[in-house]
Amino acid sequence: MKKLVGCMAAGTETVLPGKGRFVALLAVAEVLAMTLWFSATAVVPSLIRDYGIEPAHASLFTSLVQVGFVVGTLGSAILGLADRLEPRRFFAASAVIAGTANGIILFLDPTGPVVLAMRFLTGICMAGIYPVGVKIVTTWARGDRGLLVGVLVAALTLGSAFPHLFNSLGAVDWRIPIACSSLSALLAAVLIGFVSLGGETAKAPPFRIGLAFEGFRRPAMRYANFGYLGHMWELYAMWAWIGLFLLSSYRDRGIEDAPFWAAFTHFWVLAIGAAGAAGAGWIADRWGRTATTIVAMSVSAACSLLVGITYDAPIAAMVTLCLVWGIFVIADSAQFSAAISELAPANLVGTSITIQTSAGFLLTLAAIHVIPWFANLVGWEWSFVILAPGPLFGIWAMAKLRRHPDAVHLADGRR
């Protein structure tokens with residue numbers, strides 16, 4: 001293990017040689033690899049325009065990656081891959097396979113079934129990228145675990161936002177985002193080789209399928225996972241549909257070029273979340289994980305209930321509330337992973353984060369499909385109220401965790 005070379009004045013933080021450089025490299029590698037997912041949003045308008053594909057079919061470019069990710073993370077957790085394999089090699093292999101599968105699409109008819117199979121395979125391989133990246137960054141944590149994981153989530157949040165900026169400028173040739181994302185994934189596989197671990201990882205326990213579900217057996221971990229599920233019920237549904245909410249509002253107001261302004265606002269609502277993720281990480285390391293997540297989910301739940309009131313209010317009021325929601329809807333995300341990494345046995349950190357991620361993204365598949373159904377019943381202005389029960393449930397779970405004896409392990413005793 002690398003020797004510690006000094007202590008910072010604040011808290012229990014320590015300075016490790018090359019820490020900033022390696023964490024930055026990891027964040028860049030994560031974003032480059034995750035462009036395989038982000039790019040799908042950018043190609044949908046082009047597929048609809050150039051091939052006459054129905055929007056529901058074109059959206060499979062995105063949704064099948066998510067389905068594959070759920071399958072991949074579940075399989076990885078059951079097999080304990082994130083704890084059994086050397087994390088950087090696992091990351092690199094996953095990025096290479098995913099990038100190759102994505103690149104094969106360039107030589108196929110984009111309307112054919114093989115393309116969709118390649119997108120599904122890409123999603124499966126993402127299981128070796130995001131959760132493994134979180135495990136790697138926690139090896140560098142010395143009193144700043146929340147901030148480090150928050151920085152990683154902030155980088156991914158920006159990556160999620162940029163396709164909406166591209167879409168505001170008009171549809172681009174679908175081959176460009178696909179080619180760039182495949183090359184980016186291969187570059188990520190190279191970069192991860194230059195990232196060192198901040199400490200030795202614990203030896204994996206003997207294989208047992210049940211170990212994947214320890215996070216739901218141990219009460220403290222179960223509360224942290226329940227908090228994450230409440231958060232995820234809201235997050236991706238809001239990210240997916242806030243643009244259509246804005247478009248509907250802009251059109252009802254008679255605003256010229258409403259699609260441009262909706263996509264442009266959508267970009268900023270997502271992008272500003274990067275500040276929320278990093279800022280909340282810094283706060284959580286000082287004020288506590290449960291306190292930070294409870295505050296974030298309280299504000300986020302309030303936004304989901306109130307945003308409908310701004311539908312036909314002054315535009316400045318609507319956009320401001322959406323931006324506030326964009327900050328708080330993602331602010332708590334990294335802290336659930338950080339909490340699990342602190343509560344799980346050292347030799348099950350990777351597996352525990354992976355199963356948490358799998359359960360959360362499985363739930364988002366339902367939440368994303370609930371919103372348009374509910375919007376048909378009550379209109380887009382009130383469509384997001386159905387998301388509020390998620391963060392409210394998360395608040396209950398984190399309040400329970402806060403009172404649990406094992407909460408002393410969170411953020412060096414800061415509950």
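This report covers two helix packings, one central helix stretch and the salt bridges of a predicted model.

Residues are numbered from 1 along each chain as its sequence is written, and side-chain values use heavy atoms, without hydrogens and water. Because the model is predicted, local features need pLDDT of at least 70 and side-chain atom pairs count only at pLDDT 80 or more, while totals for chains, interfaces and linings use all residues.

**Helix packing**

Helices are DSSP runs (H or I, at least four residues) numbered from the N terminus. Axes are lines fitted to C-alpha atoms over the stretch in contact, with angles from 0 to 180 degrees between N-to-C directions. The axes of H7 (residues 130-138) and H8 (residues 145-168) come within 9 Å and cross at roughly 145 degrees. Tyr130, Gly133, Val134, Val137 and Thr138 of H7 make the contact with H8 residues that include Arg145, Leu148 and Leu152; contact means heavy atoms within 4.5 Å. Eight of the contact residues are nonpolar, two polar and one charged; in this scheme Ala, Val, Leu, Ile, Met, Phe, Trp, Tyr, Cys and Pro count as nonpolar, Asp, Glu, Lys and Arg as charged, and the others, Gly among them, as polar.

H16 and H17 (residues 349-378) pack at about 145 degrees with axes 9 Å apart. Here Phe336, Ser337, Ile340 and Ser341 of H16 meet Val349, Ser352, Ile353 and Gln356 of H17. That contact has four nonpolar, four polar and no charged residues.

**Helix H14**

H14 (residues 289-306) has 18 residues. Its buried residues (under 20% relative accessible area, 1.4 Å probe, protein chains only) include Arg289, Thr293, Met297 and Ser304. Among the elements covering the buried residues of H14 are H8, H11 (219-252) and H16 (333-343).

**Salt bridges**

The structure holds nine salt bridges, each a side-chain nitrogen of Lys or Arg within 4 Å of a carboxyl oxygen of Asp or Glu. Three of them are listed below.

| Pair | Closest N to O distance |
|---|---|
| Aspartate 83 and lysine 135 | 3.1 Å |
| Glutamate 342 and arginine 145 | 3.8 Å |
| Glutamate 342 and arginine 289 | 2.9 Å |

Aspartate 83 lies in H4 (residues 81-84) and lysine 135 in H7, so this pair ties together parts 52 residues apart in sequence. Both aspartate 83 and lysine 135 are buried. Glutamate 342 of H16 is joined to arginine 145 of H8, 197 residues apart in sequence, and to arginine 289 of H14, 53 residues apart. Glutamate 342 is buried at 16% relative accessible area, and arginine 289 at 1%. Arg145, Asp285, Arg289 and Glu342 are linked in a salt-bridge network.

Technical notes. Helix = DSSP H or I, 4+ residues; strand = E, 2+ residues; numbered from the N terminus. Expected span 1.5 Å × (residues − 1). Buried < 20%, exposed > 50% of the residue type's maximum accessible area, 1.4 Å probe, protein only.
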